[in-house]
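Work through these exercises with the model open beside you. Try each task before you read its solution.

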Amino acid sequence: MSFFKHISVDVERQLSVLISYSVSSFAGLTCVQQSQNLIHPIGTRMEQVFTYTACRQLSQMFAAMIFFHVSEYILAASIHGKKNVTLKSLLISKNYLVAMIFSLLEYFIEIILFPGMKEYWWVSNSGLAMVIVGEIIRKMAIITAGRSFTHLIRTRPSEHHQLVTDGIYRVVRHPGYCGFFIWSVGTQIMLCNPISTIAFALVVWRFFDQRIPYEEFYLRQFFGSQYEEYGRRVPSGVPFVK
């Protein structure tokens, strides 16, 4: 018996005793039996939710989220100085929170109704690998670009802004976006969330499909033919985005 199964059994027993005592004082033994019958499914549901599979997958999810957002802020503060960085560098928006809450709701509904869906460990481990790879790519992009990297699109030239074409930027023009795309979709594959996997892929892709042309409009203004040549030679890093 697992640790969480022990907990669910204990909770079921305590609730059963509490309700039995309360109900018996007012309605007799028949109502006590009915209340116990209502409590039993609660313990069963808790066992389904707090399984080894759920604990491992959810702990990986929360660890990935915490590391991603905290490391984004720390890197931004170390590169640009703490005074020049706000909490926006945590990259937590309302839309992002809604998306993550939706993915967790999907996870809990599916693990209760279709627990077998979450037992495909080769799928979950593939998602974990995507999370790690995406994190590495994005952090390499930030470190390589240094002060040229910002979380907000530059619309005005800056003395610290240079066109970076070495390191990982030799392979893709927007490794930061590439890394986040892989990371975000990977979190949902890691949870074995089919609906959220498709939704995240479409929404994140759409976001970058709009953001990249907007950003590159200013990059062409800043760096002219140098960026034009670079753009023709190196792919964006986001699938189907030129």
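The exercises below go from the whole chain to single residues, and the model is a predicted one.

**Exercise 1. The whole chain**

Find how many helices and strands the protein chain has, and what pattern it follows along the sequence.

Solution.
- Step 1. Count the elements: the protein chain has eight helices and zero strands.
- Step 2. Read along the sequence: the pattern is α-α-α-α-α-α-α-α.
- Step 3. Turn to burial. Of the 242 residues, 41% count as buried.
- Step 4. Look at the surface. The chain exposes about 14300 Å². Carbon and sulfur atoms supply 68% of that area.
- Step 5. Check the contacts between residues at least 6 apart in sequence: 76% of them join residues at least 24 apart.

**Exercise 2. Helix H5**

Compare the expected span of helix H5 with the distance between its end C-alpha atoms. Then find what its buried residues pack against.

Solution.
- Step 1. Helix H5 covers residues 121-145, which is 25 residues.
- Step 2. The expected span takes one less than the number of residues, times 1.5 Å. For H5 that gives 36 Å.
- Step 3. The end C-alpha atoms of H5 are 36 Å apart, so the two values agree.
- Step 4. List the buried residues. Among them are Ser-124, Gly-127, Val-131, Gly-134, Ile-137, Ala-141 and Ala-145. Glu-135, Arg-138 and Lys-139 are buried in H5 too.
- Step 5. Recall the helix geometry: an α-helix has 3.6 residues a turn, so residues three or four places apart point the same way.
- Step 6. Find the cover: the buried residues of H5 pack against helix H3 (52-80) and helix H6 (175-190).
- Step 7. Look just past the helix. Gly-146 takes a positive phi of about 60°.

**Exercise 3. Helix H7 and its cover**

Repeat the span check for H7. Then name helices that cover its buried residues.

Solution.
- Step 1. H7 has 30 residues, so at 1.5 Å a residue it should span 44 Å.
- Step 2. Its end C-alpha atoms are 42 Å apart, which agrees.
- Step 3. Pick out buried residues of H7. They include Phe-200, Val-204, Phe-208, Ile-212, Leu-219 and Phe-223. Arg-211, Glu-215 and Glu-216 are also on the buried list.
- Step 4. The cover over these buried residues includes H4, H6 and H8.
- Step 5. Gly-224 follows H7, and its phi is positive, near 55°.

**Exercise 4. Two crossings of H7**

Is H7 antiparallel or oblique to H4? Is it antiparallel or oblique to H8?

Solution.
- Step 1. Take helix H4 (residues 94-113) and helix H7 (residues 194-223). Their axes come within 9 Å and cross at roughly 160°.
- Step 2. Angles over 145 degrees count as roughly antiparallel. H4 is therefore roughly antiparallel to H7.
- Step 3. On the H4 side, the contact includes Ala-99, Met-100 and Phe-102. On the H7 side it is made by Pro-194, Ile-195, Ser-196 and Phe-200.
- Step 4. Sort this contact by class: six nonpolar, two polar and two charged residues.
- Step 5. Now take H7 with helix H8 (residues 225-233). Their axes come within 6 Å and cross at roughly 130°.
- Step 6. That angle makes H7 oblique to H8.
- Step 7. Glu-216, Leu-219, Arg-220 and Phe-223 of H7 meet Ser-225, Gln-226, Tyr-227 and Glu-228 of H8.
- Step 8. By class, this contact has three nonpolar, two polar and three charged residues.

**Exercise 5. Two buried residues**

Which residues do Ser-184 and Gln-60 touch, leaving aside those within four places in sequence?

Solution.
- Step 1. Ser-184 is in helix H6. Its relative accessible area is 2%, so it is buried.
- Step 2. Ser-184 touches Phe-200 and Val-204.
- Step 3. Ser-184 and Ala-64 are 120 residues apart along the chain, and their C-alpha atoms are separated by 9.9 Å.
- Step 4. Gln-60 is in helix H3. It is buried, with a relative accessible area of 16%.
- Step 5. Gln-60 contacts Ser-124, Leu-128 and Met-190.

**Exercise 6. Positive phi outside glycine**

Where are Leu-91 and Phe-240 found, and are they buried or exposed?

Solution.
- Step 1. Start from the general rule: most residues other than glycine have a negative phi.
- Step 2. Leu-91 has a positive phi, near 60°. It is found in the loop between H3 and H4.
- Step 3. At 25% relative accessibility, Leu-91 counts as partly exposed.
- Step 4. Phe-240 has a positive phi of about 65°. It lies in the segment after H8.
- Step 5. Phe-240 is exposed, with a relative accessible area of 80%.

Notes: Residues are numbered from 1 along each chain as its sequence is written. This is a predicted model: local features need pLDDT of at least 70, side-chain atom pairs count only at pLDDT 80 or more; totals for chains, interfaces and linings use all residues. Side-chain values use heavy atoms; hydrogens and water are left out. Axes are lines fitted to C-alpha atoms, for helices over the stretch in contact, and angles run from 0 to 180 degrees between N-to-C directions. Helices (H or I, at least four residues) and strands (E, at least two) are DSSP runs, numbered from the N terminus. Angles under 35 degrees count as roughly parallel, over 145 as roughly antiparallel, 65 to 115 as roughly perpendicular and the rest as oblique. Contact means heavy atoms within 4.5 Å. Ala, Val, Leu, Ile, Met, Phe, Trp, Tyr, Cys and Pro count as nonpolar, Asp, Glu, Lys and Arg as charged, and the others, Gly among them, as polar. Buried means under 20% relative accessible area, exposed over 50%, partly exposed in between (1.4 Å probe, protein chains only). Accessible areas come from the Shrake-Rupley method with a 1.4 Å probe; for residues, only the protein chains shown count as cover.
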